[in-house]
Amino acid sequence: MDNNVLKVNNLKTYFYTRHGTARAVNGIDFEVKHGECLCLVGESGCGKTVTALSILRLVESPPGKIVDGEVLYNNLDLTKCRIKRLRQIRGKDIAMVFQEAQSALNPVLTISDQIIEQIMLHLPLNKKEAHSRACGLLEEMGIPSVERVMNVYPHQLSGGMKQRALIAMGLSCNPQILIADEPTTAVDVTIKAQILDIFRDLKRKRQMSLLFITHDLAVVSEIGDRAVVLYGGKDVETAPVSEIIDNPKHPYTVGLIGCIPDISQTTGRLASIPGTIPSPLELPPGCPFHPRCSRVMDICRHQEPSYISISHTHKVSCFLYQ
Amino acid sequence: MGKSWLRVYIIKRLIYAVIIALGILTITFVLVRVGPSSPADKYLANLAAKGQDIAQVTAAIEARYGLDKPIWQQYIDYIGNLLRGNLGWSFSTSMPVIDLIKTHWIYSFQLILLSSIFAAVLGILIGIYSAVKQYTKTDYVFTFLSFIGVSIPSFWLGVMLILVFSVKLGIFKSYYDTALPLFSLENLKALVLPVMTLGTGMLAGYVRYTRSSMLDNLRKGFITTARAKGLPERTVIGKHAFRNALLPLVTIIMFDLGSIVFGGAYLTEIVFGIPGLGQVSFNAIFAHDYPVVMSITLIGTFMVLFINMATDIAYTYLDPRIRYD
Amino acid sequence: MRKARLFVALSLILAALFTSIACGGTQPPKPAGKQGGIFINGQAGGDAETLNWILAADASSSGYASHTVDSLATFNNKLELQLRCLAKDVEISQDGLVYTVTIRDDLKWSNGSQVTAEDYVYTLGNLMFSDWMNYPYKSMWQEEVAGNKVFVTPQVVNATTFTITRQTANPDFVYSIYDLQPYPKYIATKYEGDVKTFTEAPEFNNLTYTGNLGPYRFKEWNRNDKYVVERNPDYYLGRPIGAPYFDQYVIKLFGSSATMQAALEAGDITHCGIEPEKVNKFMGLKNIDVYTVPTTGYTLLAYNQRANGWEGLKKQAIRQALSMSINKETVSQSILLGFGQPAFSFLSPNSPLYDDKSVVKYGVGPLYDKEKAAEILYQEGYGVKQENGTIKATNKDGGLLQLVLVTDQASQASQDIALQVRKELLALGIETRVKLVPWPTLLDQYVRNKVPGSVKEAGYNNGHDAVSAESWDMMLIGLTGGLLSPTSAEVVFTTEGGMNYFGYSNPEVDELFRRLKTKEALDKNMRQQLSSKLSLLLSQDQPFDFVVFQKANQGFQKNVVGIEPGISMWYNYYLWRFE
Amino acid sequence: MTKRTRIPGKEISKPVYINTRLVNYYWQRTSRNKLAVFGLVFILFLILLALIGPSFTADPTLVDFDEKNMPPVGFTNIKSAYHIDTNEFTTTEIRGTGKHPLGTDGKGRDMLSMLVSGAMVSLQVGLIATGIALIIGTILGVLSAYAGGWVDNILMRFTDIMMTFPFFLLLVLIVFIFGPSLAFIVLAIGLTGWTGTARLVRSEALSLRTREFVTAAKALGATDKRVIFHHLIPNVMSLIIVIATMSIPGVILAEAALSFIGLGDPTVPSWGIILEAGQHSLDTAWWIAVEPGIMLFLTVLAFNFLGDGLRDAFDPRSSV
């Protein structure tokens with residue numbers, strides 16, 4: 001028995017729109033190990049969020065649809081299991097924290113309503129117990145005057161507070177896996193640091209797995225154990241974070257790393273990858289990255305590269321290494 | 001949560017209501033007095049047939065209506081009486097205006113209440129269903145039907161319902177029978193066609209508003225959050241989406257309530273012969289019964305203002321983000 | 001709903017006429033029938049305005065009140081006098097000036113006190129004739145003496161007898177007396193002098209005083225919905241036989257005639273009027289009886305003979321020519337589906353004074369002749385001969401002749417007839433513009449007239465030189481035809497008549513009307529002679545084209561018995577009952 | 001999945017009607033909505049019908065009492081006549097004929113001709129009354145937003161008063177008092193129906209007022225009049241087009257409702273007038289009430305479809 005808690009195999013999620021089929025997630029594989037923090041990295045539009053939503057089958061359907069692949073949680077395929085079973089897993093075993101706390105919280109319900117609702121749904125607690133549990137969680141998140149915060153509406157809280165409340169909500173039922181979808185994007189820098197601290201603490205204290213979705217390699221380097229780089233709806237490179245940062249293989253990963261501003265370097269312009277991310281409606285044939293790739297070869301234009309292991313922990317999908 | 005600002009707001013609104021009402025009264029007063037016609041006109045066929053001296057009768061009737069005084073005097077007298085709580089005497093029905101309203105409001109009220117409940121409950125349910133099943137066949141059918149519903153002229157619908165259900169099938173009576181006891185099954189049955197007539201347009205409107213409002217909210221982040229929590233779909237839609245979708249709905253339902261008495265309800269009352277306030281007021285217009293016209297306008301105005309205020313206050317409970325300062 | 005207003009107004013007048021004389025005294029008492037049931041009379045018009053009938057100017061109000069108080073007398077279908085509330089008689093003195101009225105001695109107010117001559121005299125002298133009351137119909141009780149309008153003089157003789165004395169004779173005055181209803185002096189004195197408190201008096205508005213004076217007693221009046229009266233067991237006429245038989249008599253109002261007739265068909269109501277189109281259907285129904293009865297309502301086409309009408313209309317020959325080209329049979333057959341009768345006189349064909357031989361029948365038979373009409377127009381200089389030999393009516397200068405026909409938009413019958421007239425005149429080459437205007441506009445812009453430049457306010461007849469604000473040539477209006485009192489038409493036809501807004505003036509007509517109101521007309525033969533002469537004169541002169549008398553169709557549930565169909569079928573309605 | 005599209009030229013102060021690129025864009029968005037296209041086609045058909053229909057149909061004012069209450073083709077009706085002399089009834093069954101494909105009314109007028117001429121009335125009422133309401137509403141709204149201060153205050157309080165006035169009651173009052181001529185009815189509807197427009201335009205103009213192009217125009221020395229008529233009004237046009245399409249059905253129905261209660265212009269056979277006349281003969285000649293009702297319904301439906309399509313097209317949020 002391996003210690004993978006979540007395994008995603010060849011996941012494909014397509015959106016059927018008037019303009020054509022958008023292949024937002026087009027065959028992604030990765031696994032989350034017990035107690036680790038796996039980061040999904042990529043530019044916006046590469047399919048990170050859709051991947052996260054697909055795990056819990058939260059993609060709006062129609063127009064979205066999981067067309068292929070499986071999401072195995074304790075050997076249960078979440079893409080095919082009964083919705084009733086899935087609901088028991090949602091929020092209880094696998095919880096999610098969304099990127100914009102502002103819109104992820106229901107504006108007409110108090111914070112306590114929203115947290116307690118989830119606790120009482122999954123745990124055998126009465127209202128009072130649920131309430132004190134919620135208070136404890138908020139406290140853990142470093143929220144001052146918890147009782148007040150419990151009884152206010154989201155719009156009465158600052159952005160950082162909302163994000164913390166949202167995280168508290170995600171944690172409220174002690175999930176095995178917490179999926180955090182860019183939890184630091186919508187907040188300012190100082191808050192971002194605090195939130196990252198919270199996640200680091202969580203990892204340490206709770207021994208739970210974290211699937212962290214971000215476009216920010218700096219964040220990845222701070223909290224990630226392993227990282228999966230996504231491009232054009234596919235994973236292009238998987239490796240421990242240190243390897244990704246220090247020894248990126250895929251030209252795209254290389255480009256991404258190059259984009260991180262280095263304050264020690266005072267001259268020169270910021271590097272950037274030329275071109276734009278392909279539209280999921282018209283993914284280029286062959287390797288999706290080939291139109292932007294500086295080291296493009298003929299084969300890249302016709303054939304999709306397969307995944308190859310460079311080392312025991314490092315996999316990449318690029319013809320350069322085949 | 002203390003809402004002390006709410007009291008200030010209500011007082012402000014009340015003062016404002018009085019000013020608006022005064023404005024409307026004045027406009028009505030001017031309108032009814034500048035017209036070329038006289039309350040005596042409608043008798044002339046009768047009088048002429050009996051060979052009467054028309055000028056004399058006209059003078060007599062106008063004197064009895066108090067129209068022989070100068071206009072400003074009439075205006076001051078009217079406002080003065082109003083302030084003393086005296087709505088005046090209805091010449092076309094020979095009873096105090098206040099009694100007239102007291103005996104007739106219930107007919108309008110039951111019609112409007114039942115129609116509103118019928119339309120709101122069914123409209124909201126269908127709207128939610130349609131939104132949840134967006135782009136399915138049922139959704140298309142409901143959307144199309146709702147277009148038909150809002151486009152059908154209510155009075156024509158009433159006539160058609162009579163044609164089908166009363167004339168051809170004989171299931172319902174074609175008129176409303178006031179002799180039925182208020183709280184009885186027969187009364188409810190007698191109100192079926194009127195409620196359908198008045199309610200269909202409202203119902204269709206509510207379906208459309210609910211659907212679009214629900215769609216707006218179903219796309220929002222907190223719905224995904226709610227689903228991610230593992231909540232059953234019923235809670236996600238009923239609690240999370242619907243509570244947010246309710247706000248624009250309340251506006252539209254309340255607006256309907258305020259405007260329907262003298263619009264759709266009146267036409268329905270005409271079609272089915274329901275002696276409600278709508279009929280009373282329009283008959284009063286046709287009879288030049290100014291005290292009634294003025295009072296009904298006043299009541300209509302206050303009702304709209306009151307409903308507006310109630311809506312505003314309801315908002316503060318439905319949507320904690322709203323504050324009036 | 002308002003569309004049928006004039007039509008409705010007319011039928012209401014009729015209904016009121018019938019219901020107000022809805023009594024019958026000399027009838028042999030019928031065997032006691034089954035008592036019980038509710039008679040529901042459907043009406044598709046407006047509601048009454050007040051039960052305090054003395055203030056009412058509308059037709060329905062006195063109709064409502066008269067279910068509870070009888071008038072002095074009424075007429076049966078043969079227009080024979082039926083004395084009621086009167087023990088003996090209304091006696092007219094030889095000179096026609098003194099009317100002695102003797103009332104019954106068993107009439108009681110609700111408080112038990114006797115209805116006396118004093119009440120009648122009080123009603124006349126202190127209420128109807130008073131300045132503060134300004135009784136709408138007071139001119140019926142006035143006469144002209146030395147250029148002034150003065151009231152007649154009522155006087156109490158004893159408890160059951162009073163007299164009314166005139167200074168000038170007027171044979172038609174007696175009809176005003178027959179219609180008289182009393183107010184209780186003991187209550188009215190409380191409110192005397194103040195029209196406002198009188199208007200709002202609860203006793204009068206709720207008819208709480210009516211004692212045994214009418215077949216029914218007031219029960220409930222839900223405005224715009226229904227008026228309910230209940231059986232009056234004390235009713236003086238019904239006492240020996242237990243009449244009336246219905247427990248309640250209800251006037252139920254409907255928003256449209258269609259729903260009303262549906263209610264009749266379904267058996268929800270007992271009676272209502274039926275439109276010509278639907279008579280056939282109702283005749284075929286098992287549960288319904290339809291009675292076709294004559295009415296006094298007629299439609300006439302007035303020719304404007306004032307300065308702002310077509311100048312040709314001032315000529316008798318032209319008016320005759322126009323009347324000659326409008327087929328009255330078509331109007332009564334095609335528009336009224338046979339429920340009409342061509343009219344040739346202001347007197348109803350049902351009037352005992354009507355003489356079929358002394359009228360000129362324009363618009364039927366040989367006098368419906370478009371060629372002859374064209375010929376007349378041509379001879380008078382209003383036509384040109386066309387190449388094919390036919391004559392086209394034209395203006396004096398040979399141009400297109402255009403006429404304006406105006407009528408009340410609310411009257412469906414008038415609209416129909418107006419369009420038919422347009423069609424008929426078009427055949428002569430006359431182009432008619434039909435103007436359908438609301439009643440107030442009709443009165444204000446077309447009827448009221450004034451001398452241009454004068455400061456005198458516009459009236460209904462401001463003399464020979466006055467004109468209305470808008471010019472017009474023809475006008476369709478509905479009037480009530482003379483049945484018993486020919487002089488009620490005086491206001492319309494005489495030079496000085498208060499409703500002679502179309503500017504007709506014929507000294508001969510004036511003279512005949514004057515004579516009808518003198519002592520010589522007291523003589524029955526003379527009265528007949530004068531009326532016939534007048535009828536002939538007017539039907540020759542054609543100041544109007546009298547178009548058509550309408551017939552009404554009354555539908556009843558078959559189980560109502562005791563109805564005598566006729567022009568005054570309500571006269572014995574207290575004897576009606578369910579099988 | 002919501003895909004946000006930027007509307008090209010939204011910020012450009014060129015009015016919609018001369019910006020062909022924008023017109024094309026909106027047309028494309030609208031034409032995606034099949035119902036809206038149906039609505040537009042029906043309205044165009046109606047306009048065509050109203051304009052050239054009368055030259056193909058009989059004179060709608062032509063009465064023929066011998067042919068009254070003729071049923072539409074394929075239906076039958078009983079015609080009866082009473083003969084006073086014989087006191088007898090004769091009844092004949094009449095069938096709809098090609099001469100009157102939709103039957104005749106109680107005056108023997110051809111229903112088809114009347115419906116065709118009624119189309120003109122309804123369109124006139126709908127377009128002109130809406131036009132009046134829009135002009136008043138736009139001017140007051142823009143003025144109010146632009147002037148601000150006490151002008152805004154007074155205008156908006158007046159708007160409040162007019163808005164609070166029970167609309168139909170006011171309409172009936174005005175039409176009853178001043179008489180039901182079609183011109184007056186149109187005017188009355190226009191004069192009472194502008195409040196919503198004024199409000200919406202005001203708020204739209206308020207947000208526009210602070211935009212760069214207005215500030216720029218002012219900085220370049222544009223007069224108030226120029227700013228209002230060249231910058232503010234053209235930019236609220238798209239809003240106005242939507243309001244117009246959405247309020248036309250209400251206006252047409254208001255006229256029909258007035259006619260229905262007997263306050264229509266009897267000299268102009270509008271659908272409402274025909275319908276009102278027909279409801280009295282429901283059991284004997286149902287088609288007189290049914291046919292104009294269907295026309296009225298289809299017209300209102302068409303405008304609703306189109307209005308809905310236009311609103312979606314002009315509203316960037318709704319693109320899916």
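In this predicted model, chain B and chain D bury about 3900 Å² between them, and carbon and sulfur atoms give 83% of that area. On the chain B side, the three residues that supply more than any others are F147(B), F155(B) and W156(B), with 16% of the area that chain B buries against chain D. The contact draws on 47 residues of chain B and 42 residues of chain D. Of the 5 pairs of chains that touch, B and D have the most contacts.

Polar links accompany this carbon-rich contact as well. Between chain B and chain D the count is 1 salt bridge, and R208(B) and D308(D) are joined by a salt bridge between their side chains, at 2.6 Å from N to O. Polar contact is found for 4 residue pairs between chain B and chain D, with both residues at pLDDT 80 or more. Helpfully for anyone tracing the contact along the sequence, the elements that give two or more residues to the chain B side are α1 (4-34), α6 (137-151), α7 (154-168), α9 (192-218), α12 (264-272), α13 (277-286) and α14 (290-318) of chain B. The largest share of that side comes from α1(B), with 9 residues.

Chain B also meets chain C. Here 45 residues of chain C are in contact with 44 residues of chain B, and the two chains bury about 4000 Å² between them, with 56% of it on carbon and sulfur atoms. In chain C, the residues that lose the most area to chain B are E49(C), R223(C) and N224(C), which together account for 17% of what that side buries. The rule finds 1 salt bridge across the interface of chain C and chain B. K173(B) and D268(C) form a salt bridge in which the closest N and O atoms are 3.9 Å apart; this counts as a salt bridge because the cut-off is 4 Å. Across the interface of chain C and chain B there are also 9 residue pairs in polar contact, both residues being at pLDDT 80 or more.

The chain C side of this interface can be read by element too. Those that give two or more residues to the side touching chain B are α1 (5-20), α6 (195-200), β10 (216-222), α8 (257-266) and α14 (439-447) of chain C. Among these, α14(C) gives the most, with 4 residues. Chain C does not touch chain A, and the nearest C-alpha atoms of these two chains are 48 Å apart.

Two sites in chain B are worth a visit in the viewer. The first concerns the surface. A nonpolar patch of about 560 Å² is made by W105(B), F109(B), L113(B), I117(B), V121(B) and L125(B). W105(B) is placed in helix α5 (residues 97-132) of chain B. The relative accessible area of W105(B) is 39%, so this residue is partly exposed, and it can belong to the patch because patch residues need over 30% relative accessible area.

The second site is N187(B), in helix α8 (residues 185-190) of chain B. With a relative accessible area of 2%, N187(B) is buried. The side chains of N187(B) and Y176(B) are joined by a polar contact of 2.7 Å. Leaving aside residues up to four places away in sequence, N187(B) touches Q110(B), Y176(B), L180(B), P181(B) and L182(B).

A few points of backbone geometry complete the picture. Most residues other than glycine have a negative phi, and most peptide bonds are trans. Against that background, N10(A) has a positive phi of about 45° although it is not a glycine. N10(A) is found in strand β1 (residues 4-17) of chain A and is partly exposed, with a relative accessible area of 32%. L337(C), likewise a residue other than glycine, has a positive phi near 55°. L337(C) lies in the loop between α11 (328-335) and β15 (340-342) of chain C and is buried, its relative accessible area being 9%. The peptide bond from A243(C) to P244(C) is cis, with omega near 0°, and P244(C) lies in the loop between β11 (226-231) and β12 (248-253) of chain C.

Conventions:
Residues numbered from 1 in each chain as written. Chains lettered and ligands numbered in written order. Predicted model: local features only at pLDDT ≥ 70, side-chain atom pairs only at ≥ 80, totals over all residues. Heavy atoms only, no water. Patch = residues over 30% accessible without salt bridge, like charges linked within 9 Å, V, L, I, M, F, W, Y side chains within 5 Å. Areas by Shrake-Rupley, 256 points an atom, 1.4 Å probe, with all protein chains shown as cover. Buried < 20%, exposed > 50% of the residue type's maximum accessible area, 1.4 Å probe, protein only. Contact = heavy atoms within 4.5 Å. Buried area = accessible area lost by both parts, 1.4 Å probe. Polar contact = N/O pair within 3.5 Å; in protein donor to acceptor, adjacent residues only side chain to side chain.
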